[in-house]
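Biologist: I would like a close look at a single part of this chain, a strand and whatever it packs against. Please go through it in one connected account.

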Amino acid sequence: MEPGLMHGHERGSTVRFVVVSGCSGGGKSTLLAELARRGHAVVDEPGRRIVRQELQGGGTALPWVDGVAFARRAIAMALEDRASAAALNGWVFFDRGLVDAAAALWHLTGEPTLTALARSHRYHRTVFLAPPWPEIYVNDPERRHGFEAAEAEYRRILEAYPGLGYDVSVLPKVGVSKRADFVEAALLRSTRTGDGHVDPALPIPAGSPHHQR
């Protein structure tokens, strides 16, 4: 398959697969929990799942032990998540995704995997990023890096997504309900055709007046 081309199921998934990324501790997981409560499919962050698995099993593919192994595991898991999510209906929200993992690997090793993977496995063109929010940032057993490291990671992601042709939408620092409204409203706008009508080929956010239960 030539770079930039996608199979039919990939083209359909591109429309439905929405990435929520950004700064660690910026409220991503809380937002995704609210979107799940509203009936949307949500895929948990690969990094968190890997850390839990490695801590439980005594492994070393941890970002504070072997960052390269961790990034490779995250890429593999993100690819598996995409394949599994193709069976889901409607919008599918990803807590981080393939671009985040490939960008981390590139940062650590310089390996040119980011562009190739991003071309063949696209997401919805709008990516939502949670900005650094020091007032709510906390550490936990799975998030051991400090706020400065989180900000540095955010800056890399903020550069990576536009460089791959994505439109970045920075989430406002508001309550979770308003954040979820912001995301759903942006996706509704993205489903509209040039004449202002809703494209019937695209999923409609559950909170939209166009959504039929």
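Modeller: In strand β4, Phe 128 is the bridge partner of Val 20. The model is a predicted one, and that pair is a convenient place to enter it. Val 20 belongs to β1, which spans residues 17–22 and has 6 of its 6 residues buried. Phe 17, Val 19 and Ser 21 point one way from β1, whereas Val 18, Val 20 and Gly 22 point the other way.

The neighbours of β1 come next. β1 runs parallel to β4 (residues 126–130), and 3 bridges join the two. It also runs parallel to β3 (residues 92–95), to which 4 bridges join it. In β3, the residue opposite Val 18 is Phe 93.

In soluble globular proteins, nonpolar side chains tend to be buried together. Here the largest nonpolar core holds 36 residues, and Val 99 and Tyr 161 have the most contacts inside it. Helix α4 (residues 67–85) gives the largest share of this core, 7 residues. Apart from that core lies another of 14 residues, including Val 20, Phe 93, Phe 128 and Ala 130. The bridge partners Val 20 and Phe 128 are thus both named in the 14-residue core.

Tyr 161 leads back to β1 from another direction. Leaving aside residues up to four places away in sequence, Tyr 161 touches Val 19, Ser 21, Val 99, Asp 100, Val 127, Leu 129, Tyr 166 and Val 168. Val 19 and Ser 21 point one way from β1, and Val 20 points the other way.

Charged residues also deserve a look. A search of the whole structure finds 12 salt bridges. Lys 28, Glu 45, Asp 95, Arg 96, Asp 100 and Glu 153 are linked in a network of them. Asp 100, in that network, is also one of the residues that Tyr 161 touches.

Three further pairs can be described one by one. Arg 49 and Asp 81 form a salt bridge with their closest N and O atoms 2.5 Å apart. Because Arg 49 lies in helix α3 and Asp 81 in helix α4, this pair ties together parts that are 32 residues apart in sequence. Both Arg 49 and Asp 81 are buried. Arg 38 forms a salt bridge with Glu 184, with 3.0 Å between the closest N and O atoms. This pair links distant parts of the chain, 146 residues apart: Arg 38 is in the loop between α2 and β2 (41–43), and Glu 184 is in helix α8 (residues 176–191). Arg 38 is buried at a relative accessible area of 19%, and Glu 184 is buried at 6%. In the third pair, Arg 37 forms a salt bridge with Glu 34, the closest N and O atoms being 2.8 Å apart. These two residues lie in helix α2 (residues 28–37), 3 residues apart, about one turn of the helix. Arg 37 counts as exposed, with 62% relative accessibility, while Glu 34 is buried at 11%.

As for the setting, the chain has 8 helices and 5 strands. Of its 213 residues, 46% count as buried. Among contacts with a separation of 6 or more, 71% are between residues 24 or more positions apart. On the surface, Leu 55, Trp 64 and Val 65 form a nonpolar patch with about 260 Å² of accessible area together. Trp 64 sits in the loop between α3 (46–57) and α4, and is partly exposed at 34% relative accessible area.

Technical notes. Residues numbered from 1 in each chain as written. Predicted model: local features only at pLDDT ≥ 70, side-chain atom pairs only at ≥ 80, totals over all residues. Heavy atoms only, no water. Core = buried A, V, L, I, M, F, W, Y, C linked by side-chain atoms within 4.5 Å. Buried < 20%, exposed > 50% of the residue type's maximum accessible area, 1.4 Å probe, protein only. Contact = heavy atoms within 4.5 Å. Patch = residues over 30% accessible without salt bridge, like charges linked within 9 Å, V, L, I, M, F, W, Y side chains within 5 Å. Areas by Shrake-Rupley, 256 points an atom, 1.4 Å probe, with all protein chains shown as cover. Salt bridge = Lys/Arg side-chain N within 4 Å of Asp/Glu carboxyl O. Pairing = 2+ DSSP bridges.
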